[in-house]
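Biologist: I am new to this structure and should be grateful for a guided introduction. May I put some questions to you?

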Amino acid sequence: SWSSSDSVISTDSSGDPADPGSPYRVVLLGASGVGKTAFASIFGGAADSMESDDCELCADEVCEREIEVDGEPATVSLLDTWDVETDSEWAREHFLQTADAFLLLYSVTDRASFLRASELRITLRRFRPAHRTPIILVGNKCDLVRRREVSVSEGRACAAVFDCKFIETSAAMQHNVWEAFHGIVRQLRLRRDPKEV
Ligand code: GDP
């Protein structure tokens, strides 16, 4: 767990980037209402939660589970409840500095959330000057065709400027959500094991 009081210590001692068994810590970032909770429910298997026990929802609302990506298991620890707008500066710095990767969400129906994603990307760059932190810019709610305010090409152009990957998703339709999670794991693997690829 990484938001408990001892997490600074455990992060430093257990986060060996060379150990393929340690979980990848992924944070969902984005303005409120863009679909972070919906993403986390899909990741946690909300639809089949009655029979599924492979997701461990901790008190900290970090969901950790093993997923298969390209035929290989990967353990992903997903944090979605961190609120950029209200949480303390300490929490903000802590998560920005200790996460392994970020899904940076906006809603294609909400231009303000798109601008917020840009600001968050700049904040990330400040906290994580190393360029190799995997980030995927995620334009969610692409099912809401008639309410779209941000075009696909704007999203793609923004990702190009930010030097990160881009995907459009619909959590409501469960479209491309797993692709986003798989994409982040692929990037993390490239980063952890650059020689093996
Ligand atoms: P959060 O504040 O970022 O956690 O956003 P939520 O996950 O709570 O989503 C905010 C609202 O948008 C909820 O009513 C969701 O049902 C809805 N929502 C989330 N993702 C989608 C999507 O892909 N399509 C549509 N149509 N609605 C969505």
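The questions and answers below concern a predicted model.

Biologist: What pattern does the chain follow when read along the sequence?

Modeller: The secondary structure comes to 6 helices and 7 strands. Of the 197 residues of the chain, 36% count as buried. Read from one end of the sequence to the other, the pattern is α-β-α-β-β-β-α-β-α-β-α-β-α.

Biologist: Among contacts between residues at least 6 apart in sequence, what percentage join residues at least 24 apart?

Modeller: One pair of strands offers an illustration: strand β1 covers residues 24–30 and strand β4 covers residues 72–79, and they pair in the parallel sense over 4 bridges. Within this pairing, V26 stands opposite L78 in β4. For the chain, the share of such contacts that join residues at least 24 apart is 70%.

Biologist: Which residue in the turn of the hairpin formed by β3 and β4 has a positive phi?

Modeller: Strand β3 (residues 62–69) runs antiparallel to β4, and 8 bridges join them. One of the paired residues is V62, whose bridge partner in β4 is L79. The hairpin has 2 residues between its strands, and the one in the turn with a positive phi, of about 55°, is D70.

Biologist: Which helix gives the most residues to the largest nonpolar core?

Modeller: The largest nonpolar core has 46 residues, and those with the most contacts inside it are L28, L78, L103, L104 and I136. The greatest contribution to this core, 6 residues, is made by α6.

Biologist: Which residues is L104 in contact with, leaving aside its neighbours within four places in sequence?

Modeller: L104 is one of the residues with the most contacts inside the largest nonpolar core. Its contacts beyond four places in sequence are with L29, G30, A117, L120, R121, I135, I136, L137 and V138.

Biologist: Which element provides the largest share of the shell around the ligand?

Modeller: Of the 15 residues around the ligand, G35, K36, T37, A171 and A172 come nearest. The shell divides into 5 nonpolar, 7 polar and 3 charged residues. The largest share, 3 residues, comes from α2.

Biologist: Which residues of helix α2 are buried, and which residue just after the helix takes a positive phi?

Modeller: Helix α2 covers residues 36–44, and its buried residues are K36, A38, F39, A40, F43 and G44. Just after α2, a positive phi of about 75° is taken by G45.

Biologist: Is K165 buried or partly exposed?

Modeller: K165 lies in strand β7, and its C-alpha atom is separated by 8.5 Å from that of P134, 31 residues apart along the chain. Leaving aside neighbours within four places in sequence, K165 is in contact with I136, A159 and G183. A residue is buried if 20 or more other C-beta atoms lie within 10 Å of its own, and exposed if 12 or fewer. K165 has 16 other C-beta atoms within 10 Å, so it is partly exposed.

Biologist: Where is D163, and is it buried or exposed?

Modeller: Most residues other than glycine have a negative phi. D163, by contrast, has a positive phi near 60°. Its place is in the loop between α5 (152–162) and β7 (165–168). Because D163 has 10 other C-beta atoms within 10 Å, it is exposed.

Biologist: Is Q174 buried or exposed?

Modeller: Q174 has a positive phi of about 55°, although it is not a glycine. The residue is placed in the loop between β7 and α6 (177–192). With 12 C-beta neighbours inside 10 Å, Q174 therefore counts as exposed.

Methods
Residues numbered from 1 in each chain as written. Predicted model: local features only at pLDDT ≥ 70, side-chain atom pairs only at ≥ 80, totals over all residues. Near = placed C-beta within 6 Å. Nonpolar A, V, L, I, M, F, W, Y, C, P; charged D, E, K, R; others polar. Core = buried A, V, L, I, M, F, W, Y, C linked by C-beta atoms within 7 Å. Contact = placed C-beta atoms within 7 Å. Pairing = 2+ DSSP bridges.
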